[in-house]
Amino acid sequence: MDCFSEAEGKRSHDPLYCNPGAPPATGFPVGFTDKLVVIVGAGPAGLATAALLGLAGVPYVLIERCNCIGSLWRHRTYDRLCLHLPKKFCELPLMPFPVDFPTYPTREQFLEYLESYATTFGIEPKFREAVISAEFNGDSWWVRTKGVTSLASGGEQPKLAGNVNMYRCKWLVVATGENAEPVVPEIEGSARFKGQLMHSSDYRSGEGYADKRVLVVGCGNSGMEVSLDLSNHNARASMVVRDKVHVLPREMLGRSTFGMSVWLLKWLHVQTVDRILLMMSRVIIGDTTRIGITRPRIGPMELKAVSGKTPVLDVGTIAKIKSGNIQVFPGMRRFHDHDVEFIDGRIESFDVVILATGYRSNVPYWLKDKDFFSEKDGFPKKSNEWKGKNGLYAAGFSKRGLLGVSMDAMNISEDIVQQWRDMRMEDVREIMSNRRATCPV
């Protein structure tokens, strides 16, 4: 028997792998699984981390509350969605997009890519398991899940079964991402509104909205594109622009704006890059202040760096606003039975109101950790942080899109693999030391 085989035999009696030990103070029923790594969330971040750990031979389990991978992309996105950045900035580790995919892959093509990625790296998530708590007991992480009997829909939470599954692990990777739950703000009078009120996560297409008066609340990438889609389907679309926002053309001089920004930042100061971007943007799409969209005082790249707020990449909405096909309103004050009152005093009637008000992390609801993740927003307390204490990691919370997801996954997997190999070598050294101690002189 070689040293590594003997080490594995020794490890088979290690309580981390075969003996539950004492559960956390909250108490759990018997019957559970030991794994070195538990990954929560089978979106791009979870898949990328699983692929890299699997290639290194690190035992892991990937838990997903929905019935598929990439559930946000599959169940909560509109049909016309395409990647906002060129595909070379959105690929996951070790696997590029197919060469025949366009520069900006569609929603369906991205989902096809994720499915192919999972197949290529042999990733088999445990679907329909929702994590209800995860806590560190001083020695290892205990992750409690329940089976999902009915998936979430229409803003409702998924229905869970009574049975409980338990996982114990040395390393816990939180890969549920920035957009786990829709944000539905409380707006005065919303309960009395007689029209249709929905979140953009339930919007699929402008079909069926022709001639309807539709108000989209929010001016991020989703709000802009939903408004554009509605207008393209002959809806009478309007959009609420409450905050200041940078809108940039998706491409400048035949190149992606993001790619150009990355290249310029290699040579120039961020404020100089911002001046270039804003000058070119003004030439291409004009002065957005004139159409009710005011820019922040800080430039787009600097603002992204300090706050994580991403500039909107325009794919045609600005032209629709200029032509009058999409109306722009300031912030909302309250709902009436059939109308919406805005902060400038105007009152307008609408048949449908779509809340493109974004998403939030759900980590504070189930992770029993107060040090690494903020209880306020469910993000790591320090910007771009991916490693906490006691083997806790965050994948996909850097506010850097799919490029940040890949970077997080590579950092996390390298860190775990190195620790895992160090553990194995410690076992080998212990075995060799014991052998020398028992050898006759």
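D344 is partly exposed in this predicted model, with a relative accessible area of 41%. Its side chain meets that of R346 in a salt bridge, 2.8 Å from N to O. R346 also counts as partly exposed, because its relative accessibility is 36%.

Let's stay with charged pairs for a moment. A search of the whole structure finds 18 salt bridges, and the table sets out some of them.

| Salt bridge | N to O distance | Citation |
|---|---|---|
| R107 and E108 | 2.5 Å | |
| R346 and D344 | 2.8 Å | |
| D287 and R290 | 3.9 Å | |

How do the partners in the D287 and R290 bridge sit with respect to solvent? D287 is partly exposed, with a relative accessible area of 25%, while R290 counts as exposed at 74% relative accessibility. R107, by contrast, counts as buried, as its relative accessibility is 8% and the cut-off for buried is under 20%. Salt bridges also join up into a network, which links E188, R333, R334 and E341.

**Around T77**

R107 leads us to another residue, T77, since the side chains of T77 and R107 make a polar contact at 2.8 Å. T77 lies in the loop between helix 4 (71–75) and helix 5 (107–120). Is T77 buried or exposed? With 9% relative accessibility, T77 counts as buried. A polar atom of the T77 side chain also lies 2.4 Å from the backbone oxygen of W73. Beyond its neighbours within four places in sequence, T77 is in contact with L72, R107, Y203 and R204.

**Aromatic residues**

W73 turns up again in an aromatic cluster, where it is joined by F97, F101, F110, Y113, Y117 and F121. Across the structure there are 18 aromatic pairs. One of them is the stacked pair of F329 and F342, with 4.4 Å between ring centres and 10° between the planes. F329 belongs to strand 14 (residues 326–329) and F342 to strand 16 (residues 339–342), so this pair ties together parts that are 13 residues apart in sequence. Both rings come from covered positions: F329 counts as buried at 7% relative accessibility, and F342 is buried with a relative accessible area of 0%.

F329 has another aromatic partner, F350, and here the geometry is edge-to-face, at 6.2 Å centre to centre and 85° between the planes. This pair links distant parts of the chain, 21 residues apart, with F329 in strand 14 and F350 in the loop between strand 17 (347–349) and strand 18 (352–355). F350 is buried, as is F329.

Where do arginines lie over aromatic faces? R250 lies over the face of Y104, 3.8 Å from the ring centre, and R255 lies over the face of W263 at 5.9 Å from the ring centre.

**Helix 3**

Finally, a look at helix 3, which covers residues 44–56. From its first C-alpha to its last, this helix of 13 residues reaches 19 Å, close to the 18 Å expected at 1.5 Å a residue. Helix 3 is mostly covered, with 10 of its 13 residues buried. Which residues of helix 3 are buried? They are P44, A45, G46, L47, A48, T49, A50, A51, L52 and L53. Just after the helix, G57 takes a positive phi of about 85°.

Conventions
Residues are numbered from 1 along each chain as its sequence is written. This is a predicted model: local features need pLDDT of at least 70, side-chain atom pairs count only at pLDDT 80 or more; totals for chains, interfaces and linings use all residues. Side-chain values use heavy atoms; hydrogens and water are left out. Helices (H or I, at least four residues) and strands (E, at least two) are DSSP runs, numbered from the N terminus. Buried means under 20% relative accessible area, exposed over 50%, partly exposed in between (1.4 Å probe, protein chains only). A polar contact is a pair of N or O atoms within 3.5 Å; within protein, one must be able to donate a hydrogen and the other to accept it, and residues adjacent in sequence count only if both atoms are side-chain atoms. Contact means heavy atoms within 4.5 Å. Rings of Phe, Tyr and Trp (its six-membered ring) pair if their centres lie within 6.5 Å; planes under 30 degrees apart count as stacked, over 60 as edge-to-face and the rest as tilted. A charge sits over a ring if NZ of Lys or CZ of Arg is within 6 Å of the ring centre and within 35 degrees of the ring normal. The expected span of a helix is 1.5 Å times one less than its number of residues. A salt bridge is a side-chain nitrogen of Lys or Arg within 4 Å of a carboxyl oxygen of Asp or Glu.
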